[in-house]
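Subject: Handover of a structure

Dear colleague,

Please find below the structure that I am handing over to you. A description of what was found in it follows.

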Amino acid sequence: MKRTALVLLACLSGTAAPAQSFPSKSVTIYVTAAAGGVTDVVARAVGQRLAELWNQSVVIENRGGGAHILGAQAVAKAAPDGHTLLLAEAGTFVLNPSLYPRDKLGYDVEKDLAPITGVVRINQALIASNDLPVSNMRELIALASQKPGEITYGTAGVGSAPHVNIAKLEYMAHVAMQAIHYRGAAPALNDVMAGHIKLMSVSTSLVVQPFQDRKLKILAVGSPNRAAQLPDVPTVSESVPGYEAATWFGLATTGGTPRDVIMKINADVQKVMSDPGFRSQFMAPQMFESMASAPEPFEQFIRSETQNWAKIIREQKLAIQ
C-alpha cells in the first residue's frame, strides 16, 4: 500500500511538474507576418506582458512571407513543451488548409498545432490610394466593372485577411481585380499611400491616422455598423448588402504539448487580456475586441470558420495546386 501510494504520488507530481515549472526558459512567439503589421503589434504587446508575468524573456520571431506558412511550420516542428508559440491571423488557421494541398502546407492544424486561445478581433477598412478616381463603393464597383482585372490591391500574402476579404468583395459585387501579394500588411499599406497599388482591405486601426493626414482614402468599413471613430465613413454593406470584413488573431503551440502547460498559458493570456490597463492603453486605441477564451471554444471556432471559408474558396476557385 505504501509503495503504491508513493508511485501514485510520483505520477501525480510528474503530471503537475510541466505547468509548475513553465516557463523554464525563454519563450519564442512566431509571428506569421512582417514587423509593423497588426499581427506583430499584437504579439509584442501580449508578449511583453507575459514576460513580466513569467519573469522570462519572450522573443518575437517574425516569419513573414510564404502565405503565413513559414511561422506555422516552425511551431509545428518545435518541441511540444509550450516554449514555442504561434501568434497568427485567421488565414493560418482556417484558410490555408483549404487553399493549399497538404504536402505544400507542411502542417496539419488539428494534429500539429494546439489552439490555446483567440486573442483579438478587428474590423477591416477598404482603403484606396489618393490617385484612384473613386470616392465611394458605388464608384469603385463601377470602375472595376469597366476595367476588369486592372485595379490592383495589396495583400499580406496569399490567403491573408486582406486577400480573402477582397476576394469575397469581388464575388459579392461581381467584379474582378488584381491581387499583389506582400510579406505583411505594413509594406502593402506603404505602397497604397505611395500610389504603387490602388486598393487594400486592412485593419481599421492602421489607417485612421493616415486617413486623417490625407495620405489615403477610406472608401468604407467592413464592420456591420459604422465605426465610432469614423462616423462619416459608410459600411461596405450599405452598397454590397451582407458584406462584412474582419480578421482575428489566435495563439497556438505545438501539437502534443501537455494539457496543463496549455492551460497555464491560457490562464496567463486571459489575465493579460482582462487587465484594465492593458484594455485601455492597448486594446481601445487599436480598436481591438478581445477573443480570449478557453482552448475548447477557440478550437470549435476554428473548425466552424474553416467550413465557412472553404465554401468561398471553392466558389472563387482560389485553391493553390
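Helix α8 is largely enclosed by the rest of the structure, because 11 of its 13 residues are buried. Please note that the model is a predicted one. The buried residues of α8 include Ala-161 and Pro-162 at the start of the list, together with His-163, Asn-165, Lys-168 and Glu-170. Val-164, Ile-166, Ala-167, Leu-169 and Ala-173 are also among them. The helix covers residues 161-173, and its end C-alpha atoms lie 18 Å apart. That agrees with expectation, because 13 residues at 1.5 Å a residue should span 18 Å. After α8 comes His-174, which has a positive phi, near 60 degrees.

Strand β3 (residues 84-89) is likewise mostly covered, with six of its six residues buried. In a regular strand, side chains alternate between the two faces of the sheet. In β3, one side carries Thr-84, Leu-86 and Ala-88, the other carries Leu-85, Leu-87 and Glu-89, and all of these are buried, so that both faces are covered. The strand has pairing partners in β1 and β9. With β1 (residues 27-31), β3 pairs in the parallel sense over four bridges, and Ile-29 stands opposite Leu-85. With β9, β3 runs antiparallel, and five bridges join the two; Leu-87 has Leu-251 of β9 as its bridge partner.

Which residues of the largest nonpolar core touch the most other members? They are Val-42 and Ile-265, in a core of 33 residues. At least two residues of this core come from each of β1, α2, β2 (58-62), β3, β4 (113-128), β9, α11 (259-274) and α12 (276-286). Helix α2 supplies the largest share, eight residues. Leaving aside residues up to four places away in sequence, Ile-265 touches Phe-22, Trp-54, Gly-82, Leu-85, Ile-116 and Leu-251. Apart from this core lies another, of 29 residues, which includes Phe-93, Tyr-107, Ala-167 and Phe-298. Ala-167 also appears among the buried residues of α8.

I turn finally to the charged side chains. Side chains of opposite charge can pair when their charged atoms come close. How many salt bridges does the structure hold? The count is 11, and three of the pairs are described here.

Arg-44 and Asp-40 form a salt bridge with an N to O distance of 2.8 Å. Both residues belong to helix α2 (residues 38-54), where they are four residues apart, about one turn of the helix. Is each partner buried or partly exposed? Asp-40 is buried, because its relative accessible area of 5% falls under 20%. Arg-44 counts as partly exposed, because its value of 38% lies between 20% and 50%.

In a second pair, the side chains of Arg-102 and Asp-108 meet at 3.3 Å, N to O. Arg-102 counts as exposed at 61% relative accessibility, whereas Asp-108 is buried at 12%.

The third pair is Arg-226 and Glu-238, whose salt bridge has an N to O distance of 3.0 Å. Both residues lie in the loop between β8 (217-221) and β9 (246-254), 12 residues apart. Arg-226 is partly exposed, with a relative accessible area of 40%, and Glu-238 is partly exposed as well, at 46%.

With kind regards

Technical notes:
Residues numbered from 1 in each chain as written. Predicted model: local features only at pLDDT ≥ 70, side-chain atom pairs only at ≥ 80, totals over all residues. Heavy atoms only, no water. Salt bridge = Lys/Arg side-chain N within 4 Å of Asp/Glu carboxyl O. Buried < 20%, exposed > 50% of the residue type's maximum accessible area, 1.4 Å probe, protein only. Expected span 1.5 Å × (residues − 1). Pairing = 2+ DSSP bridges. Core = buried A, V, L, I, M, F, W, Y, C linked by side-chain atoms within 4.5 Å. Contact = heavy atoms within 4.5 Å.
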